[in-house]
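Trainee: I have a structure open in front of me and I would love some help reading it. Could we go through a few features together?

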Amino acid sequence: MKAIICTKYGPPETLQLREVDKPAPKDNEVLVRVHSASVNSWDWDLLRGVPFANRIGGFFKPKHKILGADIAGRVEGTGSRVGRLKPGDEVFGDISGSGWGGFAEYVCAPEDLLALKPRGMTFEQAAAMPQAGVLALQGLRYGGRLHSGQQVLINGAGGGVGTFAVQIAKSFGAEVTGVDRTEKLEMLLAIGADQVIDYTREDFTRSGRRYDLILDVVANRSVADYRRALSPKGVFVMIGGSTSAFFQTVIMGAWISATAQNKMGVLLHKPNPSDLVLLNELFESEKLVPVIDRCFSLSAVPEAFRYFGEGHVQGKIVISVDQGSRGEV
């Protein structure tokens, strides 16, 4: 089978299209013919080997030679202990908990990491959803259930997690403010944001507005800045950002959460197929549509990573694996 191989840390040019052996499922696994996959920031970090926590298990070269956590495809074979899924089922999920491998024609994954794809959802839409959609949902639930009328701000709203978070928050009745760069603001309004802020022109932490929940995908402000923008009992949750921002939020956030009414912390990645069921329901009720910027073929994965690294992606980048080697779509 064809797969994109990562043999060393570095820029997108280190990725290579190669022929490798087709995997065989273990007892608890299914063999999936991958129709689509998607690029996440975690793939980008693993490719470059930064931060160094991503080198655990592979300090000098990547532990996972085939990247790609989000997949959508069709079950072609099952292990002896698989009972829920069967050949022919159309499935999708985040397989980062089982060794990655999505940028390939076939991959094996534990049955319990996969959910059934709704009939009305394309493989491209399904591949865009698992990691970013679940992170958005879990981030919005951080510190308690989201409810109607809350003021929610999403910093970095124009990317994969952010575009899901905007729509999910709106589906629960929140008033949503999206923060991102100029060229993404029109798209954010189109998917339901009530207000948008261009971070190149305005600092939302000094606007005087207060928010019940701040979901931060980029972590480009200090903890003190974020706390200034929170309501008296507001919650701040960091999903993405630098290593220094991570440790600052863990340490200072824990102290603030223990000594004040605010809750501030970091959301740890927890793939959860049951959360995909809720995302499916939102999709089927037309309250959630994955935002897909571009689709690339399997052979064009290096170009997809280059585009991702430029920081201009609106929503998600999808890899259409079954389109062979025809290049960018």
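Trainee: Let's begin with strand β5. Why is strand β5 described as largely enclosed by the rest of the structure?

Mentor: Keep in mind that this is a predicted model. A residue counts as buried when its relative accessible area is under 20%. In strand β5, residues 90-94, 4 of the 5 residues are buried, so the strand is largely enclosed by the rest of the structure.

Trainee: Which strands does β5 pair with?

Mentor: Strand β4, residues 70-78, pairs with β5 in the antiparallel sense over 5 bridges. Strand β7, residues 114-116, also runs antiparallel to β5, and 3 bridges join them. Gly93 of β5 shows both pairings: Ile71 stands opposite Gly93, and in β7 the bridge partner of Gly93 is Leu114.

Trainee: And how do side chains sit in a strand?

Mentor: In a regular strand, they alternate between the two faces of the sheet.

Trainee: Now a helix residue, please. Is Gln131 buried or exposed?

Mentor: Gln131, in helix α3 (residues 130-140), has 5% relative accessibility, so it counts as buried. Leaving aside neighbours within four places in sequence, Gln131 is in contact with several residues, including Trp42, Asp94 and His269.

Trainee: What about Glu281 in helix α8?

Mentor: Helix α8 covers residues 273-284. Glu281 has a relative accessible area of 46%, so this residue is partly exposed.

Trainee: How many Å separate the C-alpha atoms of Glu281 and Phe308?

Mentor: They are separated by 29 Å, and the two residues are 27 residues apart along the chain.

Notes
Residues are numbered from 1 along each chain as its sequence is written. This is a predicted model: local features need pLDDT of at least 70, side-chain atom pairs count only at pLDDT 80 or more; totals for chains, interfaces and linings use all residues. Side-chain values use heavy atoms; hydrogens and water are left out. Buried means under 20% relative accessible area, exposed over 50%, partly exposed in between (1.4 Å probe, protein chains only). Helices (H or I, at least four residues) and strands (E, at least two) are DSSP runs, numbered from the N terminus. Two strands pair if DSSP finds at least two bridges between them. Contact means heavy atoms within 4.5 Å.
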